[in-house]
Structure formats: structure tokens, C-alpha cells
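Please look through the sequence and the model below before reading on. The paragraphs that follow go from the surface to the interior and then to the charged side chains.

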Amino acid sequence: MSEKNEAQAPSQPAEAPASPLAEKRRIHFMDEVRGLDIILMVIFHAFYTSGWLFDWPLGQELFLFFSPVEPFFAGIFIFICGISCRLSHSNVRRGGQLLLVAVGISVFLWFFMREEMIWFGILHFLAVAILLFALARPLLDRIPPLAGILACAVLYLLTRWVPAYQGGVFGIPGLFSFPVPAALQDCWWLYPLGLSDFSSSDYFPILPWIFCFLAGSFAGVWAKAGRFPAWMYIRRVPFLSWLGKHTLLIYVLHQPVIYGLFLGIYTIWKGIAG
């Protein structure tokens, strides 16, 4: 998710020289897209909660109807997080803090809602991706941004179907592909990579999503240098911009709020009907 200064260019130069003006300009478009993304995520999770936890048929239908586009919006969010890594003051601190939050959510679910357990959800993935970026940054800095984005696009396509729930194959089905060896699929500890079949309410394996994240990090080189189009630096929807700056807090709080809301509705409805 995001920190207050994620889309603010830091004061220290890095991969490309940033002008003083670029360092002071916030990329409001990134905040607004994140804000829209978090709204869509909350609505999508509301469909899941109402449909599968409270057995509301319309919620189930809406969840299944919108499921095909959910990875697209998640991918946009992951891509923007990759951009933000080039603008962050400390990716080690940011990744470590996010990892603590992700583990905390899993611990809470383990004790209170084990049937909805999250083993490697989007927060876990983003935390690991940020830390991996911090570790590999000296190497990544040597790769030209455009070449890095193109390479990540190819690698994303080649690993898109690696996770067991996608079929467990490397390559592009219909063109060329081969199955991931069964020996790897049987290793439960490779679950974060997407190489083991495991049950989780939210799951974003390293393969293929790390390449979406890294593509964003290469685009972030241009963001760091203030080379994004001028219209991206203009705030157009302040509400979305505000939401985009507080996505982590919203993510942590939204599910308990949604659950409590539907629990109240369900209790009142049962009282009226009963």
C-alpha cells in the first residue's frame, strides 16, 4: 500500500538526475488511481462478504461477475507500488512495516476467523516485493527502464499460469508451455512463489506478480526524474487523492467494518423475519 510520501519525489538523487522542481512535485494521478482502486477493492470484498459469509445470492453473483477484472485492478495497484519504490526514502523500513502489518492480519485471522485465513495475500506480496527490490536495487539500477519494462512484460506472460490455481504451467497456453514439475508443486514451502496448491482467502504469489511490480519500479525511474506527463502532477479529484494516500489504513480497517455492517444487517433482518 502507500505511505504519505510514496508519490513525493525524495530529496536524494538516484537512478536519474531529478530537477529541484521534480523533487517538489507530487504525482497526484498516482494517488487518485490508488484511491479509485481501493474503492473498487472495498466494493469487491463487500460482494464476497455478503455472498459467501452471509449467504446472499446476489452478493455471490456480483462477486463471480466481477472476479475476471479483479487481477487487472490489482495489477495497476502493484505497478504503482513499484513506481513508489523509486520515490521512497527507505524501502527497507517501508517493506518491514508492511510485513509486520501483513503478519499481524494473518495472526488475527488464525485466532478469530481461521476459515478466512490469508497465507500470502497482497500485503504479504507487496512487503516481500519491496524488500526484494531494496536488496536487488544495485543490479536493477544498471538496467535501462524501457528494456526492464519490456523484459518484465515478457516474463509476466511466461509465468502467468505458473500458480497451481492457474494450471501450473510455464509458458503461454495454446502457443508453447510445459507443466511445472510435480516435485515443485508438492513443496508447500514454495507456496509464496506460486508453486504449491494451498488454500488462502487472498493470494498474490511472487510468480507472476513480481514482474508487474518490477515493471513499475522501472517506470519509477522516469517518475524520479520528473519525466511523467504534466497532467499527472495536477490534482483533479481531491477525495480520491486523499484515499490514495491512506490505502494501507483503509485496507486494514475495511474488512472488519464490512463484516460488522453485514452482521448488523443480517441480525436485524433475522429479527424482522423471525
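Phe111 is exposed in this predicted model, and its relative accessible area is 61%. The residue is found in helix H5, which runs over residues 91-112. Phe111 is also one of the members of a nonpolar patch on the surface. The other members of this patch are Leu99, Val103, Val107, Phe108, Trp110, Phe112, Trp119, Trp188, Trp189 and Phe198. Together, the residues of the patch have about 1,200 Å² of accessible area.

The interior comes next. In soluble globular proteins, nonpolar side chains tend to be buried together. Here the largest nonpolar core has 36 residues. Those that touch the most other members are Ile78, Phe125, Leu126, Phe204, Trp209, Ile210 and Phe213. Several helices give two or more residues to this core: H2, H4 (70-85), H5, H6 (122-140), H7 (145-159), H9 (206-224) and H10 (238-245). A second core of 11 residues is separate from it, and includes Ile27, Ala219, Phe228 and Tyr233.

What does Phe204 contact, once its neighbours within four places in sequence are left aside? Its contacts are Glu70, Ala74, Ile78, Phe120, Gly121, Ile122, Phe125 and Trp209. Of these, Ile78, Phe125 and Trp209 are, like Phe204, among the core residues that touch the most other members.

Helix H2 covers residues 28-53, and several of its residues can be taken in turn. Val33 lies in this helix and is buried, with a relative accessible area of 19%. That value counts as buried because the limit is under 20%. Val33 is in contact with Ile76 and Ile80, when its neighbours within four places in sequence are left aside. Val33 and Phe213 are 180 residues apart along the chain, and their C-alpha atoms are separated by 16 Å.

Further along H2 is Ser50. Is Ser50 buried or exposed? Ser50 is buried, with a relative accessible area of 2%. Not counting residues up to four places away in sequence, Ser50 touches Asp55, Trp56, Gly59 and Phe262.

Leu53 also lies in H2. At 28% relative accessibility, Leu53 counts as partly exposed. Its contacts, leaving aside neighbours within four places in sequence, are Tyr48, Met113, Glu116 and Tyr259. Leu53 and Glu116 are 63 residues apart in sequence, while the distance from C-alpha to C-alpha is 9.5 Å.

Gly59, which Ser50 touches, belongs to helix H3 (residues 57-66) and is buried there, as are Gln60 and Phe63. Which side of H3 do these buried residues take up? They are on the same side of the helix, because they cover an arc of only 100° around the axis. The face turned away from this buried side carries the exposed residues Glu61 and Phe65. What covers the buried residues of H3 includes H2.

The last topic is charge. Side chains of opposite charge can pair when their charged atoms come close. How many salt bridges does the structure hold? The structure holds four. One of them joins Asp31 and Arg26, with the closest N and O atoms 2.7 Å apart. Asp31 counts as buried, at 0% relative accessibility, and Arg26 counts as buried at 9%.

Asp31 also forms a salt bridge with Arg34, and here the closest N and O atoms are 2.6 Å apart. Why are Arg34 and Asp31 separated by about one helical turn? They are three residues apart in helix H2, so about one turn separates them. An α-helix has 3.6 residues a turn, so residues three or four places apart point the same way. Both Arg34 and Asp31 are buried.

Another salt bridge links Asp141 with Arg137, and the closest N and O atoms are 4.0 Å apart. Asp141 is partly exposed, with a relative accessible area of 36%, whereas Arg137 counts as buried at 18% relative accessibility. Shared partners in salt bridges join Arg26, Asp31 and Arg34 into one network.

Definitions and conventions:
Residues numbered from 1 in each chain as written. Predicted model: local features only at pLDDT ≥ 70, side-chain atom pairs only at ≥ 80, totals over all residues. Heavy atoms only, no water. Patch = residues over 30% accessible without salt bridge, like charges linked within 9 Å, V, L, I, M, F, W, Y side chains within 5 Å. Areas by Shrake-Rupley, 256 points an atom, 1.4 Å probe, with all protein chains shown as cover. Salt bridge = Lys/Arg side-chain N within 4 Å of Asp/Glu carboxyl O. Helix = DSSP H or I, 4+ residues; strand = E, 2+ residues; numbered from the N terminus. Buried < 20%, exposed > 50% of the residue type's maximum accessible area, 1.4 Å probe, protein only. Contact = heavy atoms within 4.5 Å. Core = buried A, V, L, I, M, F, W, Y, C linked by side-chain atoms within 4.5 Å. Arc of directions from axis to C-beta.
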